[in-house]
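Welcome, and thanks for taking a look at this one with me. Here is a short set of notes to read alongside the structure.

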Amino acid sequence: MTSQISPQSLMPYKSVAIALLFSAILGPVGLLYASFWGGLTLTVLAVVVLCNKFLFFALLIWLISCIWSVRAVESYNKKIANASLQRLS
C-alpha cells in the first residue's frame, strides 16, 4: 500500500542562488538564511575582526560565509529530500 503525501506535509527547499546572493551582498548576516547558528557565529566574529581593523580577515570571513551558506543549503535540501523519500517507502 502506497502512502499519499500531501504538499503541506513537506518542508520547502531553500534556494542555493538566494543563499549565495544574500551572503555575497550581506556577508555573515546573509548566512542567517542558510544557517542560523553559522550566521550568528560569523556575524559576531566579523564584528570583532572589524573593530580591530583586521580588514584581510574580514574579507576572509566574507568569503567563508559565501561558501558556508551554499554548503548549508545543500545539506538542508538533502535532508529534506531524504526525509521525503523515507516517507514514500
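The numbered points below go from the overall fold to single residues.

1. **What kind of model this is.** Please keep in mind from the start that this is a predicted model. Everything below describes that model, and residue numbers count from 1 along the chain as its sequence is written.

2. **The overall fold.** The protein has 3 helices and 0 strands, and reading along the sequence gives the pattern α-α-α. Helix H1 covers 16-26 and helix H2 covers 36-51, while helix H3 takes in residues 55-88. Among the contacts with a separation of 6 or more, 64% link residues that are 24 or more positions apart.

3. **Inside and outside.** How many of the residues count as buried? Of the 89 residues in the protein, the share is 27%. The exposed surface comes to about 6,400 Å², and carbon and sulfur atoms supply 73% of that area.

4. **A nonpolar patch on the surface.** Twelve names are worth finding on your display here: Ile 18, Leu 21, Phe 22, Ile 25, Leu 26, Val 29, Leu 32, Phe 36, Trp 37, Leu 40, Val 44 and Val 48. Together they make up a nonpolar surface patch with about 1,100 Å² of accessible area. Which elements give two or more residues to the patch? They are helix H1 (16-26) and helix H2 (36-51).

5. **Patch members in the loop.** The loop between H1 and H2 holds Leu 32, and Val 29 lies in the loop between H1 and H2 as well. Leu 32 has a relative accessible area of 36%, so it is partly exposed. Val 29, at 43% relative accessibility, also counts as partly exposed. Although Val 29 and Leu 42 are 13 residues apart along the chain, their C-alpha atoms are separated by 8.0 Å.

6. **A buried proline in that loop.** Is Pro 28 buried or exposed? Its relative accessibility is 5%, so Pro 28 counts as buried. Pro 28 sits in the loop between H1 and H2. Setting aside neighbours within four places in sequence, Pro 28 is in contact with Gly 39, Leu 42, Thr 43, Ala 46, Ile 61, Trp 62 and Ser 65. A further distance to look at is the one from Pro 28 to Val 47: these two are 19 residues apart along the chain, and their C-alpha atoms are separated by 9.9 Å.

7. **Aromatic pairs.** The model contains 4 aromatic pairs. One of them joins Phe 36 and Trp 37: the ring centres are 5.0 Å apart and the planes meet at 75 degrees, so this pair is edge-to-face. Phe 36 is partly exposed, with a relative accessible area of 48%, whereas Trp 37 reaches 62% and counts as exposed. Both residues also belong to the nonpolar patch described above.

8. **More aromatic rings.** Why is the pair of Phe 54 and Phe 57 called edge-to-face? The planes of these two rings stand at 90 degrees, with the centres 6.1 Å apart, and an angle over 60 degrees counts as edge-to-face. Phe 54 is partly exposed at 44% relative accessible area, and Phe 57 is partly exposed at 45%. Phe 56 joins Phe 54 and Phe 57 in one aromatic cluster.

9. **A lysine over two rings.** Lys 14 deserves a close-up view. Lys 14 lies over the face of Tyr 33, at 5.7 Å from the ring centre. Lys 14 also lies over the face of Tyr 76, here at 4.7 Å from the ring centre.

10. **A buried asparagine that touches Lys 14.** Asn 77 belongs to helix H3 (residues 55-88). With a relative accessible area of 15%, Asn 77 is buried; the cut-off for buried is under 20%. Apart from residues up to four places away in sequence, Asn 77 touches Tyr 13 and Lys 14.

11. **One backbone angle to check.** Which phi value does Lys 53 have? It is positive, about 60 degrees, although Lys 53 is not a glycine. Lys 53 is placed in the loop between H2 and H3 and, at 68% relative accessibility, counts as exposed.

Definitions and conventions
This is a predicted model: local features need pLDDT of at least 70, side-chain atom pairs count only at pLDDT 80 or more; totals for chains, interfaces and linings use all residues. Side-chain values use heavy atoms; hydrogens and water are left out. Rings of Phe, Tyr and Trp (its six-membered ring) pair if their centres lie within 6.5 Å; planes under 30 degrees apart count as stacked, over 60 as edge-to-face and the rest as tilted. Buried means under 20% relative accessible area, exposed over 50%, partly exposed in between (1.4 Å probe, protein chains only). A charge sits over a ring if NZ of Lys or CZ of Arg is within 6 Å of the ring centre and within 35 degrees of the ring normal. Helices (H or I, at least four residues) and strands (E, at least two) are DSSP runs, numbered from the N terminus. Contact means heavy atoms within 4.5 Å. Patches are made of residues with over 30% relative accessible area and no salt bridge: like charges are joined within 9 Å, nonpolar side chains (Val, Leu, Ile, Met, Phe, Trp, Tyr) within 5 Å. Accessible areas come from the Shrake-Rupley method with a 1.4 Å probe; for residues, only the protein chains shown count as cover. A salt bridge is a side-chain nitrogen of Lys or Arg within 4 Å of a carboxyl oxygen of Asp or Glu.
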